[in-house]
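Hi everyone, thanks for having me. Let's take a few minutes to look at one structure together, starting with its cysteines and moving on to its helices.

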Amino acid sequence: MNANTPAHHLVCLEDLPRGISAIRVLPHATLDALWDSIIVAPDIKDRLLSQAILNFSLRPKVSRDQLPLHGVILLVGPPGTGKTSLARGLASKLAGFMPKAKPRLVEVDPHALTSSAMGKTQRAVSELFSQTISEQAVHGPTMVLLDEVETLAADRSRMSLEANPVDIHRATDAVLVQLDALAERNPNILFIATSNFPQAIDDAFTSRCDLVIEVPPPDQDAVVQILQQCLTGLAGQFPGIATIAKSQEMTKIARACQGLDGRSLRKMVVNAMAMSREVAADPNKLTAAHLLAAATDAKVARARKESHQ
């Protein structure tokens, strides 16, 4: 546990069941900051929050015969666009609409559930949903983060029984069965899933999602906002950087960064500070030229990676 994390906000790692990487009591200031830090079109955040609120206001009052809601939101898009941060931040923001409840965020580690032994992956998935997640929901409204959901709900139509263990097929079956069961019994659970590869997710899982929303790479305006946000934050420690964030060079730098995702943009700023030992020793000496050079390097690296895919 991080020394700066309040004890009541994070369950001790030693107490976590298999397949769970973290359990957080909400709201959580760090997760709220994540939500604010992700620059996307305002309608994306509005839609996500509205759908999440509806999950808890509507599902307990309406039978599934009327509306077959499963309590699942799926975020898809390229790596680095902030899907996981949005998912965590959404859970915390949603908690603000539940002042009398004690909501929790349960984060699933899908890779901890897989096993080469026949039947073990299927059993682990079934136990995670039917026991662990159900037990957490006893405490109150529960948000469950399924990061890289294609690991748990792989597209069975794309898998060969010769190339893929039958247990992987059965694990997807288990996820679907348990989602149906939890939707019937636990209207106070909301699953927030993310995927970089939506084409690898089983269609039966996608059909159970109440909302599928794409988180795209940042456009030109968003690139400027992300860079300014990053540079302004650094200026708190290194005041010399503030002049770049406010300069007319920002448009030129943003144009050079077009095509980079949010994570790559922030790393590009770090790489710019490592362009010379002088700047590395004193980031106040960072210039627009350093940022432009780092942006060019990042674009070249991205193009090289894409050419090998």
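Keep in mind that this is a predicted model. Let's begin with C230, which is buried, at a relative accessible area of 17%. What about a bonding partner for C230? The closest cysteine sulfur belongs to C257, and it is 11 Å from the sulfur of C230, so that is too far for a bond. As a reminder, a disulfide is a covalent bond between the sulfur atoms of two cysteines. Searching the whole structure turns up 0 disulfides. Another cysteine, C209, counts as buried too, because its relative accessibility is 12%.

Now, C230 also helps us get to know a pair of helices. It is one of the residues of α7 that meet α10; also on the α7 side are V223, I226 and L234, among others. Across from them, α10 brings residues including L265, R266, V269 and M273. How do the two helices cross? Helix α7 covers residues 220-235 and helix α10 covers residues 262-273; their axes come within 10 Å and cross at roughly 45°. That angle makes α7 oblique to α10. The crossing is right-handed, and the contact is made up of 10 nonpolar, 2 polar and 1 charged residues.

Last stop: Q51, in helix α2, residues 42-58. Is Q51 buried or exposed? With a relative accessible area of 15%, Q51 is buried. Beyond its neighbours within four places in sequence, Q51 is in contact with I73, D210 and L211. K267, on the other hand, is 216 residues from Q51 in sequence and 32 Å away in space, C-alpha to C-alpha.

That's my tour, thank you!

Technical notes. Residues numbered from 1 in each chain as written. Predicted model: local features only at pLDDT ≥ 70, side-chain atom pairs only at ≥ 80, totals over all residues. Heavy atoms only, no water. Disulfide = S-S within 2.5 Å. Buried < 20%, exposed > 50% of the residue type's maximum accessible area, 1.4 Å probe, protein only. Axes fitted to C-alpha atoms, helices over the stretch in contact; angles between N-to-C directions. Helix = DSSP H or I, 4+ residues; strand = E, 2+ residues; numbered from the N terminus. Parallel < 35°, antiparallel > 145°, perpendicular 65-115°, else oblique. Left-handed = near helix turned anticlockwise from the far one by under 90°. Contact = heavy atoms within 4.5 Å. Nonpolar A, V, L, I, M, F, W, Y, C, P; charged D, E, K, R; others polar.
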